[in-house]
Amino acid sequence: MASAGTTNQKRPIHSHFYILDSDPYFHSSETGKPFQDCISCGLSLRDDPNLPFLVAKSYRSDECIFEYAICEDCRANMAGEFSPESQQALAAFFTHRVKFEERTKLLSFGDLIEPWIQTCAACNIPRTEAQTHSLGGILLGDSIIYDPYPLCLCGDCEDEIQSLLSKKTLGIWDEFVQINFDSPPGHHRDLPTHRRPVLL
Ligand SMILES: [Zn+2]
Ligand SMILES: [Zn+2]
């Protein structure tokens, strides 16, 4: 008899999740709304409640100049195509440069995104002092999944990461940009990394 009432009780879905409705960081800057589709396969990011997706946004000072959302399946497929040397180099960069244990402590801020993206995750320069920077967040529906994302990387660190990647891997990035972004030649020179996004 009493069970009908209890079904309305709100239960936390996951302690590391945060309902994003009022937070614009990982919404599309173009539309002002949450991303709707995976840039690669076109899948609706709203349809599968179990499929996380990455939102990546690149900025020159506070102007967003490049953004996309990619579903976990496409992200994993693409990362799987990277050369073994590039995969190792990326792993080594993040292992040595990102202080993962320090980041985990940011969970104590509760639902705040800002502490996670205030400084470059690799060199610690404040985001506001970097000429260009990128933000990455992993989302599930309207919720953000914490630790180690969301994160910020400054343009210098993105350049450094690119310098570690093999020709084959850079080619995969170039293809991704060519296929998915419809823009006049030269436009991607405006990217922090000149041509390629770095977060994946
Ligand atoms: Zn996809
Ligand atoms: Zn940096």
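Where is Asp147 found? I started my notebook with that puzzle, and I found Asp147 in the loop between E5 and E6.

**Entry 1: what I am looking at**

I reminded myself that this is a predicted model. I looked up the confidence next: the chain averages a pLDDT of 83, and 80% of the residues score at least 70. Residues 1-15 stay under 50 in pLDDT, and the model has one contact beyond four places in sequence for them. For residues 18-22 the pLDDT is also below 50, and I noted ten contacts in the model beyond near neighbours in sequence. I will keep my close reading away from those two stretches.

**Entry 2: the overall layout**

I listed the secondary structure and got seven helices and six strands. Reading along the sequence, I wrote down the pattern α-β-β-β-α-α-α-α-β-β-β-α-α. I then looked up burial: 29% of the 200 residues in the chain are buried. I also checked the contacts with a separation of 6 or more, and 67% of them join residues 24 or more positions apart.

**Entry 3: strand E4 and its partners**

I went to E4 next. Which strands does E4 pair with? I found three partners, E2, E6 and E5.

- E2 and E4 run antiparallel and are joined by eight bridges; here I saw Val55 opposite Gly137.
- E4 and E6 are antiparallel too, with four bridges; I spotted Gly136 opposite Leu151, and Leu135 opposite Cys152.
- E4 and E5 are antiparallel with three bridges, E5 being residues 143-145; Ile138 stands opposite Ile145.

I traced the chain from E4 into E5 and found a hairpin with two residues between the strands. Gly141 sits in that turn and has a positive phi of about 60°.

Why is E4 largely enclosed by the rest of the structure? I counted along the strand: eight of its nine residues are buried, so E4 is largely enclosed.

**Entry 4: the core**

I looked up the largest nonpolar core and found 33 residues in it. The members that touch the most others are Cys38, Phe53, Val55, Ala69, Ile70, Cys120 and Leu153. I then asked which elements give two or more residues to this core, and my list came to strands E2 (53-60), E3 (63-71), E4 (132-140) and E6 (151-154), plus helices H5 (114-117) and H6 (155-164). My general reading fits here: in soluble globular proteins, nonpolar side chains tend to be buried together.

**Entry 5: from E6 into H6**

I checked both faces of E6 and found both covered. Leu151 and Leu153 are buried on one side, and Cys152 and Cys154 are buried on the other.

In H6 I picked out Gly155, Cys157, Glu158 and Ile161 as buried. Looking down the axis of H6, I saw the buried residues fall within an arc of 160°, so they line one face of the helix. What do they pack against? I found helix H3 (84-97), E4 and E6.

I took a closer look at Gly155 in H6. Gly155 has 22 C-beta neighbours inside 10 Å, so it counts as buried; the cut-off for that is 20 or more. Gly155 and Tyr59 are 96 residues apart in sequence, yet their C-alpha atoms are 9.2 Å apart in space.

I tried Leu90 in helix H3 as well. Leu90 has 18 C-beta neighbours inside 10 Å, so I wrote it down as partly exposed. Leu90 and Leu165 are 75 residues apart in sequence and 7.7 Å apart in space, C-alpha to C-alpha.

**Entry 6: back to the loops**

I had a rule of thumb to hand: most residues other than glycine have a negative phi, and most peptide bonds are trans. I went looking for exceptions.

Asp147, where I began, has a positive phi near 70°. With 15 C-beta neighbours inside 10 Å, Asp147 counts as partly exposed. The peptide bond from Asp147 to Pro148 is cis, with omega near 5°. The bond from Tyr149 to Pro150 is cis as well, with omega near -5°. I found Pro148 in the loop between E5 and E6, and Pro150 there too.

Is Ser61 buried or exposed? I found 11 C-beta neighbours inside 10 Å, so Ser61 counts as exposed. Ser61 is in the loop between E2 and E3, and has a positive phi of about 40° although it is not a glycine.

Conventions:
Residues numbered from 1 in each chain as written. Chains lettered and ligands numbered in written order. Core = buried A, V, L, I, M, F, W, Y, C linked by C-beta atoms within 7 Å. Buried ≥ 20, exposed ≤ 12 C-beta atoms within 10 Å, placed from the backbone. Pairing = 2+ DSSP bridges. Arc of directions from axis to C-beta. Contact = placed C-beta atoms within 7 Å. pLDDT = per-residue confidence, 0-100.
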